Amino acid sequence: MDGSPATVLVVDDSQTKRYLLVSWLTRAGFRVVEAENGAEALARVDADPIDLVVLDVRLPDLSGFEVCERIKDAHPAIPVIHVSAHAVDVVDRAQGLTRGADAYLAEPIEPEELVATAHAVLRYYQARQRAELLAERLTGLADTTVAVHAAPNFARLLEAAATGAAQIFKCPAAVVAETFDGDCIAGVSAGPDAGAEVVPWIVDDTGVPTGSTVRIDEPEHWGLVDWPAGDTVTVAAARLREDRAPLYVVVPTHTQTARTPVLVQLAQAVAAAVEGQRSFDEEHRIAVTLQRSLLPRRIPEIAGLDLAVRYEPASAQTEVGGDFYELVMLDGHLLMAIGDVAGHSLHAATVMAELRHAVRAYAVEGHQPGQILHRVNELMRTLLPAELATICVLLLHPPTGRVRLASAGHLPALLSLDGKVDYIEHPAPLLGVRARRPDDLEFVLPAGATLVLYTDGLIERRDVTIDDGLAALAAVAGRVDDDLDAFCERLVVELAPSEINDDVAVVALRRR
């Protein structure tokens, strides 16, 4: 209860008896309202905030037992005390209690007995309401904790946190945190049935210690939503590390119970999720930077050839992969390669770097594609025995169009000429596997033909087969744009999802 007196509804058709009951309860500090019959009592309970009903068993229109049942059906949290001058036997008492009453008093009723019974049933219901409220909020806390840890990015995390806070406490709510980049943003929700949005917001963190703290603040200091009039806001701050900005959960003060246990736990749970997201964002940034620093800085200009590349790293909420490509002239031949290290992490990106350098080194030594892959495979099995990768390597002689190609489990290269599309199949085991490898594939790339190498992020989807993905690529690649850069961009736009879940690399070569 909030400290105001409990409201008791006294229901009795006897004016004299009703007067006595009202007088005793009023002197005991209760706020008392009255009803003469069952219908009036049911209407009052539906319309007014009633904390306790004192109900005569004998009423002119409905029995007290039936009125009690109806009250309990509609408002199970309202206690009912039966009073009776007539029904005093065990059967009537049992019927009253069985049909929902919380106590049964028979006349003569002493004032002290009535007041003590009223206080007793109210204490029980208040304790029950607190327990039910805590259980409901803890369930909401569990659901919100799952939601924030499953959020794909920082903004969605704060939206989930604000939505959860609004639903747990049934009020407007705001959650404020600092991103890995140092931007302070807030997830805000106008109420339990409203959605959430993310807005910029600046907070002065001066003096906020490590750990969890709770303070009462003026709502104008947190003008993120329309807070209830006449109330303050309660701010729970959670700071997991001294070198990190704290996280704040802000709700109206009237929603909080003593020691604010659920609010504090919510702030701690969201802070842990934020810390995990920050760490992931940091690793993702490092991995993307590493990938970009290791990929070719420029595309070589080669007489008789058009070259284009499109590389799209995985979306920020997805772990970075190990895709790489290579385009470099060596002793009059173009070395063209594309590969994908198994796994998605900073580690995959570092393995990618080692493989790319190994391919370049063995190519510089003058080895043919098959020998390059054989030596890279031996290197992997010796130094990186737990790793797997796919790769396609080819050497092209630009004047003649002669191609020598070797693959290690990579998706087949695509050849497009005059609207006709073919896949160049060269089945072979992945890198990292000891197995016999086929001879190099040799062919001539005709004038006007376009050769496309790509990684699986371009065509693989969870809801379609690999054959469906290859068919979709063939359909799009049947027309090759005059501008090869525009062609590569079109492949990515038309085939890759809007939210890229895996790195996408596309390398296109056209022989004039």
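In this predicted model, aspartate 331 lies in the loop that links strand 13 (322-330) to strand 14 (333-341). Aspartate 331 is not a glycine, yet its phi is positive, at about 50 degrees. The residue is exposed, with a relative accessible area of 79%. Because the threshold for exposed is over 50% relative accessible area, aspartate 331, at 79%, falls in the exposed class.

A second residue other than glycine with a positive phi is threonine 260, where the angle is near 40 degrees. Threonine 260 sits in the loop between strand 11 and helix 7 (261-294). In contrast to the exposed aspartate 331, threonine 260 is buried, with a relative accessible area of 11%. Since buried means under 20% relative accessible area, the value of 11% places threonine 260 in the buried class.

Backbone geometry also stands out at proline 108. The peptide bond that joins glutamate 107 to proline 108 is cis, and its omega is near 5 degrees. Proline 108 belongs to the loop between strand 5 (103-106) and helix 5 (111-150).

Strand 5 is also a pairing partner of strand 4, and the two run parallel, joined over four bridges. Within this pairing, valine 83 has leucine 105 of strand 5 as its bridge partner. Strand 4 (residues 80-84) pairs in addition with strand 3 (residues 52-56), again in the parallel sense and over four bridges. Here leucine 55 is bridged to histidine 82 of strand 4. Between strand 3 and strand 4 the chain passes through helix 3 (residues 64-74), and the resulting β-α-β crossover is right-handed.

Strand 4 is largely enclosed by the rest of the structure, because five of its five residues are buried. The side chains of strand 4 are divided between two directions: Val80, His82 and Ser84 point one way, Ile81 and Val83 point the other way, and all are buried. The bridge partners named above, histidine 82 and valine 83, thus point in opposite directions from strand 4.

A further group of strands forms an open sheet of six, in the order 8-7-6-11-10-9, with antiparallel pairing. Its edges are strand 8 (196-200) and strand 9 (211-217), each of which pairs on one side only. With direction ignored, neighbouring strands of this sheet are turned by 20 degrees against each other on average.

Within the six-stranded sheet, strand 11 lies between strand 6 and strand 10 in the order. Strand 6 (residues 173-178) and strand 11 (residues 247-252) are antiparallel and pair over three bridges. Among the residues of this pairing, alanine 174 stands opposite valine 250, and valine 175 stands opposite valine 249. Strand 10 (residues 233-239) also runs antiparallel to strand 11, to which it is joined by six bridges. In this pairing alanine 237 stands opposite tyrosine 248. Strand 11 is mostly covered, with six of its six residues buried.

The structure holds one cavity of 30 Å³ or more. The largest cavity contains about 60 Å³ of space. It is lined by Ala238, Leu240, Arg244, Ala245, Pro246, Leu247, Ala271, Val274, Glu275 and Arg278. Helix 7 gives the most to this lining, with four residues. By class, the lining of the largest cavity consists of seven nonpolar and three charged residues, with no polar residue.

The second largest pocket has a volume of about 330 Å³. Its lining comprises 16 residues, of which His333, His367, Gln368, Leu395 and Arg404 are the closest to the centre of the pocket. At least two lining residues each come from helix 8 (346-364), strand 15 (389-397), strand 16 (402-408) and strand 19 (441-444). Strand 16 gives the most, with three residues. The lining of the second largest pocket has seven nonpolar, five polar and four charged residues. Polar residues are therefore present in the lining of this pocket, whereas the lining of the largest cavity has none.

Methods
Residues are numbered from 1 along each chain as its sequence is written. This is a predicted model: local features need pLDDT of at least 70, side-chain atom pairs count only at pLDDT 80 or more; totals for chains, interfaces and linings use all residues. Side-chain values use heavy atoms; hydrogens and water are left out. Two strands pair if DSSP finds at least two bridges between them. Axes are lines fitted to C-alpha atoms, for helices over the stretch in contact, and angles run from 0 to 180 degrees between N-to-C directions. On a 1 Å grid over the protein atoms alone, a cavity is a set of points where a 1.4 Å probe fits but cannot get out, and a pocket is an open set with protein on both sides within 12 Å along at least five of seven lines; lining residues have an atom within 4 Å of a point. Grid points are joined across faces, edges and corners, and a volume is the space filled by probe spheres set on the points. Buried means under 20% relative accessible area, exposed over 50%, partly exposed in between (1.4 Å probe, protein chains only). A crossover is right-handed if, with the strands pointing away from the viewer, the path from the first strand over the helix to the second runs clockwise.
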